[in-house]
Amino acid sequence: MSNTSLVFLSEDQSFPVTTSEVIATALDKRATDVLELAKKYQESLSKFGLVPFKTEQVKRGFGTAPQSKEVAILNEQQAYFLVTLMRNSEKVIKFKLALVKAFFEMREQIQEKKTSQLLEQAYQRGLQENRRSSSVTLNEDNLNCALKTLTWLNSHRENFRACYDHIREILKHLEVLKETLLLLGENLEISSRIGENELKKILKQMKSVA
């Protein structure tokens with residue numbers, strides 16, 4: 001079972017979807033049965049968003065007139081819910097796992113595409129600014145280097161975040177150390193003003209009291 005055949009992009013290319021027919025084909029069920037199940041529980045499915053029912057024209061063979069076929073377009077939550085309404089079997093369980101993986105992979109692809117688009121837009125804006133202003137010293141090589149750096153940071157964002165949090169912790173400790181050193185410096189300054197002999201007298205009096 002290929003994950004790529006289970007999930008595809010919505011019409012506006014913004015989120016992954018599947019259809020009642022895809023589910024039926026994967027589970028060796030009649031497409032009309034899965035479609036009727038979606039219609040029966042449409043109210044519940046609608047809690048996860050609008051459920052579009054789309055009619056497609058399908059050619060059955062050469063020389064025959066195309067026939068109409070209705071399918072339900074389902075987002076991730078709707079697809080999961082619909083499959084949970086079916087009796088569990090080995091095939092259904094395997095399909096659930098494949099469906100989860102397919103949606104995950106498609107979301108990753110969408111995110112990577114968005115990131116690439118943002119980086120490309122930033123790159124193009126940099127080139128335009130470079131051409132417009134003579135004061136800008138950036139050249140295409142610099143921008144390519146910056147683009148590679150941004151791409152690397154994006155691919156290592158989890159490690160970068162962990163390092164950032166660690167550095168913040170170190171800065172907190174340094175702030176405490178700074179206050180301690182300032183306090184120590186004040187004490188040393190007071191000690192130097194009192195003088196060694198006076199300090200000995202104070203210590204001697206403290207011992208006698210003890």
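The following dialogue reads selected features of a predicted model, from its overall layout to single residues.

Reader: How many helices and strands make up the secondary structure of the protein, and what pattern do they follow along the sequence?

Author: As the model is predicted, the assignments describe computed coordinates. The secondary structure comes to eight helices and four strands. Along the sequence the elements follow the pattern β-β-α-α-α-β-β-α-α-α-α-α.

Reader: What share of the residues counts as buried, and what share of the contacts with a separation of 6 or more joins residues 24 or more positions apart?

Author: Of the 210 residues, 23% count as buried. Among the contacts with a separation of 6 or more, 54% are between residues 24 or more positions apart.

Reader: Let us turn to charged pairs. How many salt bridges are there, and where does the one between K54 and E11 lie?

Author: In general, side chains of opposite charge can pair when their charged atoms come close. In this structure the count comes to seven salt bridges. One of them joins the side chains of K54 and E11, with an N to O distance of 3.5 Å. K54 lies in strand β3 (residues 53-58) and E11 in the loop between β1 (8-9) and β2 (16-19), so the pair ties together parts that are 43 residues apart in sequence.

Reader: Are K54 and E11 buried or exposed?

Author: K54 is partly exposed, at 36% relative accessibility. E11 has a relative accessible area of 72% and is exposed.

Reader: Which salt bridge lies within helix α5, and how many residues apart are its partners?

Author: The side chains of E90 and K94 meet in a salt bridge at 3.4 Å, N to O. Both residues belong to helix α5 (residues 90-132), where they are four residues apart, about one turn of the helix. E90 and K94 are both exposed.

Reader: What is the N to O distance in the salt bridge between R30 and D33, and how exposed are R30 and D33?

Author: The side chains of R30 and D33 meet at 3.9 Å, N to O. R30 counts as exposed because its relative accessibility is 56%, over the 50% cut-off. D33, at 41%, is partly exposed.

Reader: Where does K69 lie, and what does its side chain contact?

Author: K69 lies in strand β4. Its side chain makes a polar contact with the side chain of E21, at 2.6 Å. K69 has a relative accessible area of 19%, so it falls under the 20% cut-off and is classed as buried.

Reader: Where does Q78 lie, and is Q78 buried or exposed?

Author: Q78 lies in helix α4 (residues 76-84). Q78 is buried, with a relative accessible area of 0%.

Reader: What surrounds Q78, and which backbone atom does its side chain reach?

Author: The side chain of Q78 reaches the backbone nitrogen of N75 at 2.9 Å. Leaving aside neighbours within four places in sequence, Q78 is in contact with L45, F48, G49, L50, V51 and I73.

Reader: How should I read a pocket, and what is the volume of the largest pocket?

Author: Rolling a probe the size of a water molecule over the atoms shows where empty space is left. Here the largest pocket has a volume of about 340 Å³. Of the 17 residues that line the largest pocket, the closest to its centre are S10, E11, V17, P52 and I73. One of these residues, E11, also forms the salt bridge with K54, and another, I73, is also in contact with Q78.

Reader: Which strands supply the lining of the largest pocket, and how do its residues divide by character?

Author: β1, β2, β3 and β4 (67-74) each supply at least two residues of that lining. The residues divide into eight nonpolar, five polar and four charged.

Reader: Finally, what is the phi of Q13 and of D28, and where is the place of each?

Author: Most residues other than glycine have a negative phi. Q13 has a positive phi of about 65° although it is not a glycine. Q13 sits in the loop between β1 and β2, and is partly exposed, with a relative accessible area of 45%. D28, likewise not a glycine, has a positive phi of about 55°. The place of D28 is in the loop between α1 (20-26) and α2 (31-40). D28 is exposed, with a relative accessible area of 60%.

Note on methods: Residues numbered from 1 in each chain as written. Predicted model: local features only at pLDDT ≥ 70, side-chain atom pairs only at ≥ 80, totals over all residues. Heavy atoms only, no water. Buried < 20%, exposed > 50% of the residue type's maximum accessible area, 1.4 Å probe, protein only. Polar contact = N/O pair within 3.5 Å; in protein donor to acceptor, adjacent residues only side chain to side chain. Contact = heavy atoms within 4.5 Å. Salt bridge = Lys/Arg side-chain N within 4 Å of Asp/Glu carboxyl O. 1 Å grid on protein atoms, 1.4 Å probe; cavity = no way out; pocket = protein on both sides within 12 Å on 5 of 7 lines; lining within 4 Å. Points joined across faces, edges and corners; volume = space filled by probe spheres on them. Nonpolar A, V, L, I, M, F, W, Y, C, P; charged D, E, K, R; others polar.
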